[in-house]
Amino acid sequence: MSAVSPFRYVGGRLHAEDVPLDDIARDHGTPTYVYSRAAIESRYRAIVGALGGIEHRVCYAVKANGNLAVLDVLARLGAGFDIVSVGELERVLAAGGDAARVVFSGVGKRRDEMQRALDAGVHCFNVESAGELELLAQVAAEAGRRARVSLRVNPDVDARTHPYISTGLKRNKFGVPIEEAEGLYLRAAAMPALEACGVDCHIGSQLTDPAPILDAVDRVLALVDRLDTAGLRLRHVDMGGGFGIRYRDETPARPEAFAAAIAGRLAGRGLELVLEPGRAIVGEAGVLLTRVLYGKRNGDRVFLVADAAMNDLIRPALYQGWHPVLPVREGAADGSATVDLVGPVCESADFLALERPLAAAPGDLLAVGCAGAYGFVMSSNYNARPRAAEVMVDGTAAHRVRSRERVQDLFAGEARLPE
Ligand code: LLP
């Protein structure tokens, strides 16, 4: 975790801001996700601060962490939101977010989702196919409304990130090929229920170098110019999110450097810049707190079995994601052993960390770092495991912002067959 991390040792105990994590484990149990309000606010402010020179809208990507308290913190700062489902829209509204600052992304929007988003008054639909454009025109006409749209174009640039989170290549399912976009815009312009107001692009996630995004900006701006010549003037350019964070030894450009570089390309063009960062705002602001249940040895492998598992944090299993692991009591893990940190789930892919210098003992608390983004939101109930609690720390206060699920919650919606 970086030098500005809100998670640091004070008196030998790992704290989140001013709250010792062992106090949180005592009061809320484990596994528990712990977020820092100050960290979320400072990352958001840094990105907004870098855009000072041009008209902008920072729409936090709700998919990274949709907890109502996280959305509330950002809504209070005036953030917009990037959503990919009506579920995320309802979360934003329940958290006090403003629909007029919402952009609706996603490759598979349903008719009922379009209707609800139009009723709520979202700012813009990021449309990903000709079929979606036609359905949206129909739904908007039926509702007697005009839908603002921007087309998500696929600029065919290599984001140079993990293939599962790369989205800007021709072979990916996302967006429309940039060379077909002009024709689609002209079709949209002829549909009275649509107002083509922008262009959208997102090439991938966990980017460390701004260069591929800047390539994409250039291709998008060339499209904006071609449309201008054709008599269609767009108001905004949405360059998505994707700004990377430091999990291990990556050296990503700071999110504000990404933002400033993109803004620089747009300077003087009279276009509004929209960004959709997720991970860069919440990733480093959260840890997954877990307790070691057992230590064991199989052949020459040494394992620590913790009470958190792949159902709580799937990134290691799904993307070989590397997350830092820190002992909550400083020195508890003295590094004298190399261990695999695993969970109780019945899968060999159930690990949180492999081959780490971590000599922790049963009963010790560990904090899995950089878990604020794509952590809780990707968790599941596999093996009938209730999902973790979530706590947000604000200075000296620790607020429970989601209760731990109870086992009976897991099958509350199920039924046995009739007699
Ligand atoms: N906008 C769009 C259209 C997106 O598809 C995404 C992420 C974002 C914004 C936000 O990207 P970010 O700033 O967070 O990189 N589960 C994966 C990441 C999947 C990202 C999907 N799209 C992971 O854990 O690494």
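This is a tutorial dialogue on reading strands, a ligand site and charged pairs in a predicted model.

Q: Is strand S4 buried or exposed, and how would one judge that from its residues?

A: One goes along the strand residue by residue, and a residue counts as buried when its relative accessible area is under 20%. In this predicted model, five of the five residues of S4, which spans residues 32-36, are buried, so the strand is largely enclosed by the rest of the structure.

Q: Which residues of S4 lie on one side, and which on the other?

A: Thr-32, Val-34 and Ser-36 are on one side of S4, while Tyr-33 and Tyr-35 are on the other, and since every one of these is buried, both faces of the strand are covered.

Q: Which strands pair with S4, and in what sense do they run?

A: Pairing is read from the bridges that join two strands, at least two being needed. S4 pairs with S14, the strand of residues 286-298, in the antiparallel sense over four bridges, and within this pairing Tyr-35 stands opposite Gly-286. S4 is also joined to S20, residues 389-394, by five bridges, and here the two strands run parallel, with Ala-389 of S20 as the bridge partner of Thr-32.

Q: What can be said in the same way about strand S19 and its residues?

A: In S19, residues 365-368, Leu-365 and Ala-367 point one way and Leu-366 and Val-368 point the other way, and all of them are buried. S19 pairs with S14 in the antiparallel sense over four bridges, Val-368 being the bridge partner of Leu-288. S16, the strand of residues 325-327, likewise pairs with S19 in the antiparallel sense, over three bridges, and in that pairing Pro-327 stands opposite Leu-366.

Q: How many residues are around the ligand, and which come nearest?

A: A shell of this kind is described by its members and then by their classes. There are 18 residues around the ligand, of which Ser-205, Glu-276, Arg-315, Tyr-319 and Tyr-374 come nearest. Sorted by class, the shell is made up of six nonpolar, six polar and six charged residues.

Q: Which polar atoms of the protein lie 2.6 Å, 2.8 Å or 2.9 Å from an oxygen atom of the ligand?

A: It helps to separate backbone from side-chain atoms. On the backbone side, a polar atom of Gly-242 is 2.8 Å from a ligand oxygen, and a polar atom of Gly-278 is 2.9 Å from a ligand oxygen. From a side chain, a polar atom of Tyr-374 lies 2.6 Å from an oxygen atom of the ligand. As for the surface of the ligand, 580 Å² is exposed when the ligand is taken alone, and the protein buries 92% of that.

Q: How many salt bridges does the structure hold, and where in the chain do the partners Asp-312 and Arg-385 sit?

A: A salt bridge is read first by its N to O distance and then by the place of its two partners. The structure holds 32 salt bridges, including one in which the side chains of Asp-312 and Arg-385 meet at 3.0 Å, N to O. This pair links distant parts of the chain, 73 residues apart: Asp-312 is in the loop between S15 and H11, whereas Arg-385 is in the loop between S19 and S20. Asp-312 is buried at a relative accessible area of 1%, and Arg-385, at 15%, also counts as buried.

Q: What joins Arg-13, Asp-22, Asp-23, Arg-26 and Asp-27?

A: Salt bridges that share partners join these five residues into one network. One of its links is the salt bridge between Asp-23 and Arg-26, whose closest N and O atoms are 3.4 Å apart. Asp-23 and Arg-26 are three residues apart in helix H1, residues 21-28, and are therefore separated by about one helical turn. Arg-26 is exposed, with a relative accessible area of 59%.

Q: How does the accessibility of Asp-228 and Arg-233 read?

A: These two residues form a salt bridge with closest N and O atoms 3.1 Å apart. Asp-228 is partly exposed at a relative accessible area of 31%, while Arg-233 counts as exposed at 63%.

Q: Where is Asp-82, and what joins its side chain to that of Ser-105?

A: Asp-82 is in strand S6, residues 80-83, and counts as buried at 2% relative accessibility. A polar contact of 2.6 Å joins the side chains of Asp-82 and Ser-105.

Conventions
Residues are numbered from 1 along each chain as its sequence is written. This is a predicted model: local features need pLDDT of at least 70, side-chain atom pairs count only at pLDDT 80 or more; totals for chains, interfaces and linings use all residues. Side-chain values use heavy atoms; hydrogens and water are left out. Buried means under 20% relative accessible area, exposed over 50%, partly exposed in between (1.4 Å probe, protein chains only). A residue is near a molecule or strand if one of its heavy atoms lies within 4 Å of it. A polar contact is a pair of N or O atoms within 3.5 Å; within protein, one must be able to donate a hydrogen and the other to accept it, and residues adjacent in sequence count only if both atoms are side-chain atoms. Accessible areas come from the Shrake-Rupley method with a 1.4 Å probe; for residues, only the protein chains shown count as cover. Ala, Val, Leu, Ile, Met, Phe, Trp, Tyr, Cys and Pro count as nonpolar, Asp, Glu, Lys and Arg as charged, and the others, Gly among them, as polar. A salt bridge is a side-chain nitrogen of Lys or Arg within 4 Å of a carboxyl oxygen of Asp or Glu.
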